[in-house]
Amino acid sequence: MPHPLFNTSCYSALLTQAQALSCQTILDLFSQDPERSQRFSIENEGLIFDFSKNLIDKKTLNLLLELTDLVELKQGITQLFSGEKINSTEQRAVLHTALRDQTKQSLSLHGSDISASITGMQKKINEICQKIQDQAWLGFSKKPITNIVNIGIGGSDLGPKMVVDALTPYHLSGRRCHFVSNLDISHISDLLSTLSAGTTLFIVTSKTFSTAETLSNANFAKQWLLQQGATQETLASHFIAVTSCPEKAIAFGLHPEHILTFSDWVGGRFSLWSAVGLPIALAIGMPAFYALLSGAHQMDQHFYTQIFEKNIPILLALMSFWYTQFFNSKTQAILPYDYRLKHFPAYLQQLEMESNGKSVQCNNEKIDYPTCPIIWGDIGTNSQHSFHQLLHQGTHFNPIDFIVTLNPHHEHLHSHKQLLANCFAQSQALLQGCTEQQALARLLKQGYSEKEATQLAPHLVMPGNRPHNLISLHKLTPSHLGALIAAYEHKVFVLGRLWNINSFDQWGVELGKILANDILPTL
């Protein structure tokens, strides 16, 4: 059944706009509007969102914004923040935003104030961090914990791992955090061969405490500890559980005081702000963890209160919707020009594709229109020597998000300027391209004969006019990172609203698990 949105005059006008703009270039749009860069740039919470290099004009933007009224986005945002059960298939609220609200305002859910439980959870995280910082948490060796291994997968791994790596300059001394996710036992085995069992703490993170990969690795860790000298009595000092099912963690053998819980209104891929973020807090300390939450909360407030035409998450979503629906775009490339954001594309893969990779509408009708694009990418400049060839000269339409940090944590400013120059050069090359005449002139200037240059010039042609966003962070701080993550989280929600899908379930992952259990006994 077609989405009702697609039968509106607004949508028809956007189809006309797409055809008209296909005959123009983004450079044409810049020449028509000298104020375009300023008009299509927004700054909030240390983050500058420049969407001027997209194939849109003011009329297109106004029509896209009109779509948000047609899907009652403002009402949807209110429902999200107020705790209504917008996860319709599981009848759950979606309240990861409450986890980072440092104002401590009361929020009632099912008749109880959840702010008190959030405060209690954060207090327990702080106590664990303080005990390890004070070297009072001892392993079976009677020595302080020096290595922390997070065992989890999906949202219990990708978010915390990404943040811990991104905030390396903020790491506390005396400990290291590691992450194990894969069912392939080589993953945990290779890591444990480098660690000392007597000073290693495992955080077992599983919402249901039944995830096959997580329990397999947790059992391996338990056996490794016993082989290295731990006893059944001392095992408890080497495990913390983060779960919504504490009774299962206790049955596994964990001490009740070593169990942190989070509620069913926290989705896995939105959970790094909860007790799932324990390894983040252990790595960077509670003050920096609170700064991460604060940055996300500031973006929440921006999303909740800012007018839509100046609203970063909404504009991020509208750019994606524009290309997916009207230009048949099937992918979105994420290119962070900061080595410490190397896990960010993989994090966004789950956030966006597990949320919006759906083919059924909220009203149970089958979808006959494109939804979530394939999210992919890598860090620059590595990506330039990998797949930028396709971005510049390939036949696919690939919108791009460049993400760059303007100020580094190190003092090697010339090196950072080189990195920035490469990012901005890629943006410029994708925008302006290179004509055959320009290529010919360049080759002749380089000393090629006219015959050689004429033969080679067609291979140097780049069409340009490749649309992209440029997201600049003043610096990769906990606060700015929190804002960046929250912006993409809200982008996902807005797109779900536009596509009329539930962004907060993931039924598509279940069948493979069931079949694996059936196949296992036959092997």
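**Strands, cores and rings in a predicted model**

Ile-148 finds its bridge partner in S7 at Leu-201. This pairing, seen in a predicted model, is a convenient place to begin. Strand S5 (residues 147-151) and S7 run parallel and are joined by five bridges. Moving onward from S7 (residues 200-205), a parallel pairing with S8 follows, this time over four bridges. Two of the partnerships can be named: Phe-202 is matched with Phe-239 of S8, and Val-204 is matched with Ala-241 of S8.

How much of S7 is buried? Six of its six residues are, which leaves the strand mostly covered. The cover extends to both faces, with Thr-200, Phe-202 and Val-204 on one side and Leu-201, Ile-203 and Thr-205 on the other, all of them buried. Strand S8 gives a comparable picture in its own terms: five of its five residues are buried, so the strand is largely enclosed by the rest of the structure. From S8, Phe-239, Ala-241 and Thr-243 point one way, while Ile-240 and Val-242 point the other way.

Phe-239 also leads into the aromatic contacts. The count of aromatic pairs comes to 25. In one of them, the ring centres of Phe-239 and Phe-252 are 6.5 Å apart and the planes stand at 75 degrees, so the pair is edge-to-face. Because Phe-239 belongs to strand S8 (residues 239-243) and Phe-252 to helix H11 (residues 246-252), the pair ties together parts that are 13 residues apart in sequence. Both Phe-239 and Phe-252 are buried. The ring of Phe-252 has a further partner, since the charged end of Lys-222 sits over it, 3.8 Å from its centre. Elsewhere, Arg-100 lies over the face of Trp-273, at 4.6 Å from the ring centre.

A wider view comes from the domains. The protein chain is divided into domain 1 (9-84 + 306-348 + 368-432 + 467-500) and domain 2 (107-290). Their C-alpha centres lie 34 Å apart, and the contact between them takes 19 residues from domain 1 and 18 residues from domain 2.

Which residues touch the most other members of the largest nonpolar core? Among its 121 residues, these are Phe-321, Trp-322, Phe-344, Leu-481 and Tyr-488. Helix H20 (residues 478-499) gives the most to this core, with 13 residues. Both domains take part, as the core draws at least three residues from each of domain 1 and domain 2. Around Trp-322, leaving out residues up to four places away in sequence, the residues touched are Leu-14, Gln-17, Ala-18, Leu-21, Leu-55, Ile-56, Thr-60, Leu-64 and Phe-327. A second, separate core has 24 residues, including Leu-192, Leu-195, Ala-221 and Trp-224. Trp-322 appears again in an aromatic cluster, together with Phe-6, Tyr-11, Phe-321, Tyr-323, Phe-326, Phe-327, Tyr-369, Phe-397 and Trp-499.

Several individual positions round out the picture. Thr-97, found in helix H6 (residues 96-99), has a relative accessibility of 5% and counts as buried. Beyond its neighbours within four places in sequence, Thr-97 is in contact with Phe-81, Asp-300 and His-490. Ala-346, in helix H15 (residues 344-356), counts as partly exposed at 31% relative accessibility. The C-alpha atom of Ala-346 is separated by 29 Å from that of Gln-432, which is 86 residues away along the chain.

The backbone offers a few details of its own in the loops. Where does Phe-209 lie? This residue is found in the loop between S7 and helix H10 (212-227). Phi of Phe-209 is near 50 degrees, a positive value in a residue other than glycine, and Phe-209 is buried, with a relative accessible area of 4%. Glu-72 also has a positive phi, near 55 degrees. Its place is the loop between helix H4 (58-70) and helix H5 (73-82), where Glu-72 is partly exposed with a relative accessible area of 44%. Finally, the peptide bond from Gly-380 to Thr-381 is cis, with omega near 10 degrees. Thr-381 belongs to the loop between strand S11 (374-377) and helix H16 (388-393).

Methods:
Residues numbered from 1 in each chain as written. Predicted model: local features only at pLDDT ≥ 70, side-chain atom pairs only at ≥ 80, totals over all residues. Heavy atoms only, no water. Core = buried A, V, L, I, M, F, W, Y, C linked by side-chain atoms within 4.5 Å. Buried < 20%, exposed > 50% of the residue type's maximum accessible area, 1.4 Å probe, protein only. Domains from an automatic or database assignment. Contact = heavy atoms within 4.5 Å. Phe/Tyr/Trp six-rings, centres within 6.5 Å; stacked < 30°, edge-to-face > 60°. Lys NZ or Arg CZ within 6 Å of the ring centre and 35° of its normal. Pairing = 2+ DSSP bridges.
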